[in-house]
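Open the model in a viewer and keep the sequence beside it. The stops below say what to select and what is found there.

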Amino acid sequence: MIVIMIIGLVLVTLLSRIIEFILFMKKVSKACHKYDWKYVNKHPMCLLDMMKNRKAYYVTNDWSAYNFLYLKGPSPKSMFLSFKKLTIENQYNKQTVDRLKEYEII
C-alpha cells in the first residue's frame, strides 16, 4: 500500500514537472519571438538577414534570441532535471537576462 502511494506521488510530481516544463518552453519561445522583432525594429538592417535566410536566420545570427536562448543556452534536459523553479531568471545566466530586460521582454 505504501509503495503504491510512493509511486503515485512520484508520478504526480513527474507529470506536474512535465506540464510546467512545456509551459516554460512556450514562454521562452514567445520571448524569443518578441525579442527578435523588437531587435529588428531598432536595427532595421537585421531584417535583410532574416529575409535572406528565412528558415535558419536564428542559427547563423548571434543577435537572434533563438540563438542565445536555445542553441547556446542550457540544455532542456538540464533544465527539466534541475530542482530550480522554471523561470528565465533562474535558468539563464545574468548576461542573457539583462539582454532580454534591455528590450523589455521580461
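Begin with helix α7, where T96, V97 and L100 are buried. Look down the axis of α7: its buried residues fall within an arc of 100°, so they line one face of the helix. Keep in mind during the tour that this is a predicted model.

Now turn α7 round. The face directed away from the buried side carries the exposed residues K94, Q95 and E102. Turn back and show what lies over the buried residues of α7: the cover includes α1, α4 and α6. Then step past the end of the helix to E104, which follows α7 and has a positive phi, near 55°.

**Along α7: K94 and D98**

Select K94 and D98 and show their side chains. They meet in a salt bridge, with 3.2 Å from N to O. The two residues are 4 apart in helix α7, so about one helical turn separates them. K94 is exposed, at a relative accessible area of 64%, while D98 counts as partly exposed at 36%.

**Into the core: I88**

Which helix holds I88? Select α6, residues 88–91, and I88 is there. Its relative accessible area is 2%, and because buried means under 20%, I88 counts as buried. Show the surroundings of I88: setting aside neighbours within four places in sequence, I88 is in contact with F24, V28, A31, V97, L100 and I106. For a distance to check, pick the C-alpha atoms of I88 and M25; these residues are 63 apart along the chain, and the atoms are separated by 9.8 Å.

Next, colour the largest nonpolar core, which has 25 residues. Those that touch the most other members are F24, Y35, L69, I88 and Y92. The elements giving two or more residues to this core are α1 (2–42), α2 (45–52), α4 (65–71) and α7 (94–102). The largest share, 9 residues, comes from α1.

Stay in the core and select Y92. What does Y92 contact, leaving aside neighbours within four places in sequence? Its contacts are F24, V28, L69, G73, P74, M79 and V97. F24, V28 and V97 also appear among the contacts of I88.

**Two cysteines: C32 and C46**

How many disulfides does the structure hold? There are 0. Select C32, which is in no disulfide; the nearest cysteine sulfur belongs to C46 and is 15 Å away. Why is C46 not bonded to C32? The two sulfurs are 15 Å apart, too far for a bond. Both residues can be viewed with the surface switched on: C32 is buried at 0% relative accessibility, and C46 is buried with a relative accessible area of 9%.

**The loop before α6: S82**

Move to the loop between α5 (76–81) and α6 and select S82. Is S82 buried or exposed? At 19% relative accessibility it counts as buried, because the cut-off for buried is under 20%. The side chain of S82 reaches the backbone oxygen of M79 at 3.0 Å. Beyond residues up to four places away in sequence, S82 touches R17 and Q91.

**The remaining salt bridges**

The count of salt bridges comes to 3, and the pair K94 and D98 is one of them. From S82, follow the contact to R17. R17 forms a salt bridge with E20, with the closest N and O atoms 3.7 Å apart. Both R17 and E20 lie in helix α1, 3 residues apart, or about one turn of the helix. R17 is buried, with a relative accessible area of 15%, whereas E20 is partly exposed at 32%.

Finish with D62 and K72. Their salt bridge has its closest N and O atoms 2.9 Å apart. D62 lies in the loop between α3 (57–60) and α4, and K72 in the loop between α4 and α5, so the pair ties together parts that are 10 residues apart in sequence. Show the surface here: both D62 and K72 are exposed.

Methods. Residues are numbered from 1 along each chain as its sequence is written. This is a predicted model: local features need pLDDT of at least 70, side-chain atom pairs count only at pLDDT 80 or more; totals for chains, interfaces and linings use all residues. Side-chain values use heavy atoms; hydrogens and water are left out. Buried means under 20% relative accessible area, exposed over 50%, partly exposed in between (1.4 Å probe, protein chains only). Contact means heavy atoms within 4.5 Å. A nonpolar core is a set of buried Ala, Val, Leu, Ile, Met, Phe, Trp, Tyr and Cys residues joined through side-chain atoms within 4.5 Å. A disulfide is a pair of cysteine sulfur atoms within 2.5 Å. The arc is that of the directions from the helix axis to the C-beta atoms. A polar contact is a pair of N or O atoms within 3.5 Å; within protein, one must be able to donate a hydrogen and the other to accept it, and residues adjacent in sequence count only if both atoms are side-chain atoms. A salt bridge is a side-chain nitrogen of Lys or Arg within 4 Å of a carboxyl oxygen of Asp or Glu.
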